[in-house]
Amino acid sequence: MLAERVIGGWPHGHVFDEPVDVTIALAPPADVVEVLYKADDETAWVVLSEETWTQPSEAEVRVRAETLCSFALLKTNATS
């Protein structure tokens, strides 16, 4: 189940000089179990490894990114 609407970063494909932490606010709060990444409209969604994202609280997720792309956050059914 999606924890938040799909998050898009534009321009797609922008490459940062160094990796950055992208903070995604969650409303309502949720317990995220997977983060999906989509590099562009033509590629498939891939599951990011747990080493590339953290959830400091139920109100936000931080994803380490090297490029701008789309993210989808999946939550447990137990959280709203």
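Biologist: In what order do the 3 strands of the open sheet stand?

Modeller: This is a predicted model, in which local features need pLDDT of at least 70 and side-chain atom pairs count only at pLDDT 80 or more, while totals for chains, interfaces and linings use all residues. Residues are numbered from 1 along each chain as its sequence is written, and side-chain values use heavy atoms, with hydrogens and water left out. Helices (H or I, at least four residues) and strands (E, at least two) are DSSP runs numbered from the N terminus, and two strands pair if DSSP finds at least two bridges between them. The pairing is antiparallel, and the order is S2-S6-S5.

Biologist: Which strands stand at the edges of this sheet?

Modeller: Two strands have a single partner strand each, so one side of each is left without a neighbour in the sheet. They are S2 and S5.

Biologist: Which residue of S6 stands opposite Trp53?

Modeller: S5 covers residues 53-57, and S5 pairs with S6 in the antiparallel sense over 3 bridges. Opposite Trp53 stands Val63.

Biologist: Which element gives the most residues to the largest nonpolar core?

Modeller: A nonpolar core is a set of buried Ala, Val, Leu, Ile, Met, Phe, Trp, Tyr and Cys residues joined through side-chain atoms within 4.5 Å; buried means under 20% relative accessible area, exposed over 50%, and partly exposed in between (1.4 Å probe, protein chains only). The largest such core has 14 residues, and Trp53, Val61, Val63 and Phe71 are among those with the most contacts inside it. Strands S3 (32-38), S6 and S7 (70-75) each give two or more residues. With 3 residues, the element that gives the most is S6.

Biologist: How many salt bridges are there?

Modeller: A salt bridge is a side-chain nitrogen of Lys or Arg within 4 Å of a carboxyl oxygen of Asp or Glu. Glu60 and Arg62 meet in one at 2.7 Å; Glu60 is buried at 19% relative accessible area, and Arg62 is partly exposed at 36%. Arg64 and Asp21 form a salt bridge, their closest N and O atoms being 3.1 Å apart. The count comes to 2.

Biologist: How many residues apart in sequence are the parts that Arg64 and Asp21 tie together?

Modeller: The salt bridge between Arg64 and Asp21 has its closest N and O atoms 3.1 Å apart. Arg64 lies in S6 (residues 60-67) and Asp21 in S2 (residues 15-25), so the separation of the parts that the pair ties together, in residues, is 43.
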